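Let's take a walk through this protein together, going from the overall fold to single residues. Please keep the sequence and the 3D view open as you read.

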Amino acid sequence: MVSPVSSPNIVEAVGLTKVFRDFWLRTKARAVDNVDFEIHPSEIFGLLGPNGSGKSTIIKMILGLLHKTRGRLSVFGKAPSDVSIKRRIGFLPEESYLYQFLNSRETLDYYGKLFGLDYRTRRRRTDELLDMVGLSHVAHRPIGEFSKGMTRRIGLAQALVNDPDFLILDEPTSGLDPIGTRQVKDLIVELGKRGKTILLSSHLLADVEDVCDRMVMLYAGRIRAQGTVDELLCDTKRTIIETSRLEPETIVQIEQVIQRCEGMGIDKVDSPRQRLEQFFMDLVEKARREQVATAGVVHGGPTARFLRGEDARGEDLIESLSREEKELVGIRPAAASEAPQPPGDEVLAQLLAEESNQAAGPADQAATAPKSPQDVESSVIDALLGGDDVAQGEEPPGDEKS
Ligand SMILES: Nc1ncnc2c1ncn2[C@@H]1O[C@H](COP(=O)(O)OP(=O)(O)OP(=O)(O)O)[C@@H](O)[C@H]1O
Ligand SMILES: [Mg+2]
């Protein structure tokens, strides 16, 4: 047996059991019964099972919200109750426990604060997430007024605000329309490609089949099947050959070849049917292109930039650099209480060299280069001489200090 501390897996469960008991310690429900499974890093893992099969109970034990009765469970190699792993986990519960009187913006800001994000990061992530889940236009309405699908969307945004390494989604598509469902599935796949580990619980077979790398199927708290989608679903006894439409004479010739080579005929020749989901998506997309007016939900935008790992670029980087300058300018005179000195020859030469470099290369390349102490020094001198940059770097009026 591998010790929980040395486990390279994100989750490892061995003989995991949860029995709910009443006041007299009589068994009420054996919700999870001796299950073994592991979730590997960067994998999309499905928990599939009918109502009451133990999916949410497993999730609650992983989150440390319920204590196991027996067995072993580790998350990031630690006990689920360990607080140091909490900031690496994002959780969308089966039922949203969001504050009904807060609006979406306040909700995301609140959860961002819980994770210790600074004001600018919270504001940027809130904007990107609201846009992504299609709620920007109702950002100021209290969550208590939201429909079920809208509540699901804000719940998903909340689960992502800390850019978690491990995302746990309990029935993420319940209450969502087909477009919302597709967006959530696309988002899960995209996050999976970015190396996130995702645990998805659902009783909707298509959800799990479409996105999961591996899954377990539960029934009455026990694992009945486990493996990759191909391992579980591949029918090795049959063959499908897919082509564009064939003429009947061609099919006759193919059947003759199969008869000759394999000694059998073709069981069925058919035109494939489109999936209802795809048909519906195409229909809505067409209506949207024709700009048919709708009073319903405006569907979500692209995946938030910070979730695509594009945080340390462009504006964000400029913001962070100007903040650094402002901090240095603010600290310097107070610490040394000295009058600004004119720049020495060395610094001026460096400034000139820097300018010509910037003119020659792309701006973002120059910006992403690590700042040497001299670089910082030259920024300070710029600021002292001109003062313009400093003004740009100042905290906007009304900015929260946190
Ligand atoms: N707090 C509790 N007290 C007593 N029994 C519970 C408790 N929570 C869950 N159970 C029982 O444990 C079993 C598994 O419940 P669980 O919520 O894990 O199922 P599930 O697979 O998530 O179902 P669903 O698809 O309906 O969400 C059920 O029989 C349920 O009644
Ligand atoms: Mg459940």
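A residue is called buried if 20 or more other C-beta atoms lie within 10 Å of its own, exposed if 12 or fewer do, and partly exposed in between. Keep in mind that what you see is a predicted model. Let's try the definition out on Leu 25, which sits in the loop between strand E1 (11-21) and strand E2. Leu 25 has 8 other C-beta atoms within 10 Å, so it is exposed. Its backbone deserves a look as well: Leu 25 has a positive phi of about 65° although it is not a glycine.

Another non-glycine residue with a positive phi is Asp 163, where the angle is near 50°. Asp 163 also lies in a loop, the one between helix H4 and strand E6. Is Asp 163 buried or exposed? With 21 other C-beta atoms within 10 Å, Asp 163 is buried.

Now step back to the whole chain. The secondary structure of the protein chain consists of 14 helices and nine strands. Of the 402 residues in the chain, 28% are buried. If you take the contacts between residues at least 6 apart in sequence, 72% of them join residues at least 24 apart.

A good place to look for covered residues is helix H4 (residues 148-160). Its 13 residues should span 18 Å at 1.5 Å a residue, and the end C-alpha atoms are 19 Å apart, which agrees. H4 is mostly covered, with 10 of its 13 residues buried. Among these buried residues are Met 150, Arg 152, Arg 153, Ile 154 and Gly 155. What do the buried residues of H4 pack against? Their partners are strand E5 (89-92), helix H2 (104-114), helix H3 (119-132), strand E6 (166-170) and helix H5.

Let's follow two of those partners, beginning with H3. This helix has 14 residues and reaches 20 Å from its first C-alpha to its last, close to the 20 Å expected at 1.5 Å a residue. The buried residues in H3 include Arg 122, Arg 125, Glu 128 and Leu 129. H2 and H4 are among the elements that cover the buried residues of H3. Just after H3 comes Gly 134, with a positive phi of about 75°.

The other partner is H5, where you will find Val 184. Val 184 counts as buried because it has 23 C-beta neighbours inside 10 Å. Leaving aside neighbours within four places in sequence, Val 184 is in contact with Leu 156, Pro 172, Thr 173 and Leu 176. Val 184 and Arg 153 are 31 residues apart in sequence, and their C-alpha atoms are 9.0 Å apart in space.

H5 also meets a helix further along. Two packed helices are described by the angle between their axes and the distance between the axes. The axes of H5 (residues 178-193) and H9 (residues 276-289) come within 10 Å and cross at roughly 105°. That crossing angle makes H5 roughly perpendicular to H9. On the H5 side the contact is made by Pro 178, Ile 179 and Arg 182, and on the H9 side by Glu 277, Phe 280, Met 281 and Val 284. These contact residues divide into five nonpolar, no polar and two charged.

How many of the 14 residues of H9 are buried? The count is zero, and H9 is hardly covered. As for its length, the 14 residues of H9 should span 20 Å at 1.5 Å a residue, and its end C-alpha atoms are 20 Å apart, which agrees.

For an exposed residue inside a helix, turn to Ile 251 in helix H8 (residues 248-262). Ile 251 has 12 C-beta neighbours inside 10 Å, so it counts as exposed. Beyond its neighbours within four places in sequence, Ile 251 is in contact with Leu 246 and Val 269. The C-alpha atoms of Ile 251 and Ile 266 are separated by 9.2 Å, with these positions 15 residues apart along the chain numbering.

Our last stop is ligand 1. Of the 14 residues around ligand 1, Phe 20, Ala 31, Asn 51, Ser 56 and Thr 57 come nearest. Strand E2 (27-39) and helix H1 (55-62) each supply at least two residues of this shell. By character, the shell around ligand 1 divides into three nonpolar, eight polar and three charged residues.

Notes. Residues numbered from 1 in each chain as written. Chains lettered and ligands numbered in written order. Predicted model: local features only at pLDDT ≥ 70, side-chain atom pairs only at ≥ 80, totals over all residues. Axes fitted to C-alpha atoms, helices over the stretch in contact; angles between N-to-C directions. Helix = DSSP H or I, 4+ residues; strand = E, 2+ residues; numbered from the N terminus. Parallel < 35°, antiparallel > 145°, perpendicular 65-115°, else oblique. Contact = placed C-beta atoms within 7 Å. Nonpolar A, V, L, I, M, F, W, Y, C, P; charged D, E, K, R; others polar. Near = placed C-beta within 6 Å. Expected span 1.5 Å × (residues − 1).
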